[in-house]
Amino acid sequence: MFERIIPRSMAARTIAVMVIGLTLSHFASIAAYRVDLLEQTDGAVEQGAAERIAAVRAAILKAPAEERERTASLLSGRKFDAHWSNKATLETDMPVDASLSALRERLLDAAPDLRDYPFRLAYVGDPDHASGGARIVIVSAQSPDGAWFNLRYIIEGPTSHSSDGVLLSTIVMVLAVVALSVPLIRSATEPLKAMARAAERLGVDVTAPPLPETGPSEVRQAAHAFNEMQGRIKRLLTDRTQMLAALSHDLRTPLTVMRLRAEFIEDQEQYDKMMADIDEMEGMIATTLAFLRDDTAQEETEIIDLASTLSTICGTLSDAGRHAEYSGERHAPLRCRPVTIKRAFMNLIGNAVKYGVRARVVLSFGDGRIRVDIHDEGPGIPEAEMERVFNPFYRVEPSRNRETGGFGLGLTIARGAIRAHGGDIELANHPEGGLQATVILPWVKC
């Protein structure tokens, strides 16, 4: 479940890590700022409340005794309600907590004479201001003449930051990070994508141009190593071709000598047998060397219509009196080595009509791949032989007669060609009878 959430590309993962990390850091900074602001504001609010209460009390005390209640009423406002009476609003002291103790100390600092007379202080809740963090303080302080100064004061809490503002700042930060990081990360990962495309192309065309060695030092080093590997592969193929050319010459020389000596055989029957053996040996040598040399390895790649190629192969076999039919997609562009691909499918479809009487070829697309199914109506192949038939010189048909079994290289050549293009071949006995060869090739829209 967790793996499905993680982006697959390196660029997406890097952007996700940056966005998540900066977002968490952003929220942590906002939280720390709020805690610090709350601590500072609480102290400032309590200090202001203490000074305001002390100032109101001092103003009332300066008025004549008969005018003090009227003065208290005049000084009352939205946040506080002051009274001067013979009775205390708070009959007893309330339990003192840390916040109440801090307010008491600030009041005593603002009005030191409160220490000489009964002084009561309490916090009570206010349903109308609870959501805003407001508190109500009740003060009852006795004056020198025995009267009581009673005050109900609303202390508003620190103004809370709007959650919309936090969300907006987070969105702006994320958009800025994405806008700046996407082009930078794409430019950093583009050389890796180019290397992946070059690696896929190398399996099809070993003569492809080398990678440009640009970008960060690590990318340049990887591109240089890739180019060195491609060069070694090209040299290996060139050396092998030269070696097989020499081997081909050395093998054909004794056969030429044998053919010349056969001309001196007077017995016609023996002469015919000798020439037949020489012809078979020449055919075997030519086929084997062609397989080992793989002349098409140096063939240039180009775009062909695979559907048209398969249809042409089936049409050619039908014209020759064989039963082969094509169906499926009408067009299937494919970048490949045309001769190699055609020879592979000629071997597969030729085997189908030769050993299975009739061949039905179907081409389809799916999951970014080309699929070609070749179904015949023959006896099929035993399950134990499915993989062995791809081995060089192996034949299910046990005779060594070329007319019935060939040299056993057709499927080997076909699989090698398909795999050289990044695909593969699978064989299976069809439920309705016959053998089905399935060819899978990677497909990139051209």
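Helix angles fall into classes: under 35 degrees counts as roughly parallel, over 145 as roughly antiparallel, 65 to 115 as roughly perpendicular and the rest as oblique. This is a predicted model, where local features need pLDDT of at least 70 and side-chain atom pairs pLDDT 80 or more. Residues are numbered from 1 along each chain.

Helices (H or I, at least four residues) and strands (E, at least two) are DSSP runs, numbered from the N terminus. Axes are lines fitted to C-alpha atoms, with angles from 0 to 180 degrees between N-to-C directions.

**The helix pair.** Helix 8 (residues 306-319) packs against helix 9 at about 40°, with the axes 10 Å apart. The two helices are therefore oblique to each other. Among the residues making this contact (heavy atoms within 4.5 Å) are Leu310 and Ile313 of helix 8 and Phe345 and Ile349 of helix 9.

**The sheet.** Five strands form an open sheet in the order 6-8-9-11-10, with mixed pairing. Two strands pair if DSSP finds at least two bridges between them. Strand 6 (323-328) and strand 10 (424-429) are the edges, each pairing on one side only. Neighbouring strands are turned by 20° against each other on average, direction ignored. Strand 8 (residues 358-366) and strand 9 (residues 369-376) pair antiparallel over eight bridges. Within this pairing, Ala359 has Asp376 of strand 9 as its bridge partner.

**Helices across the sheet.** Two helices lie across strands of the sheet, as tabulated.

| Helix | Strands crossed | Angle |
|---|---|---|
| Helix 9 (residues 338-355) | strands 6, 8, 9, 10 and 11 | about 25° to strand 9 |
| Helix 11 (residues 410-420) | strands 10 and 11 | about 130° to strand 10 |

Terms used
Heavy atoms only, no water.
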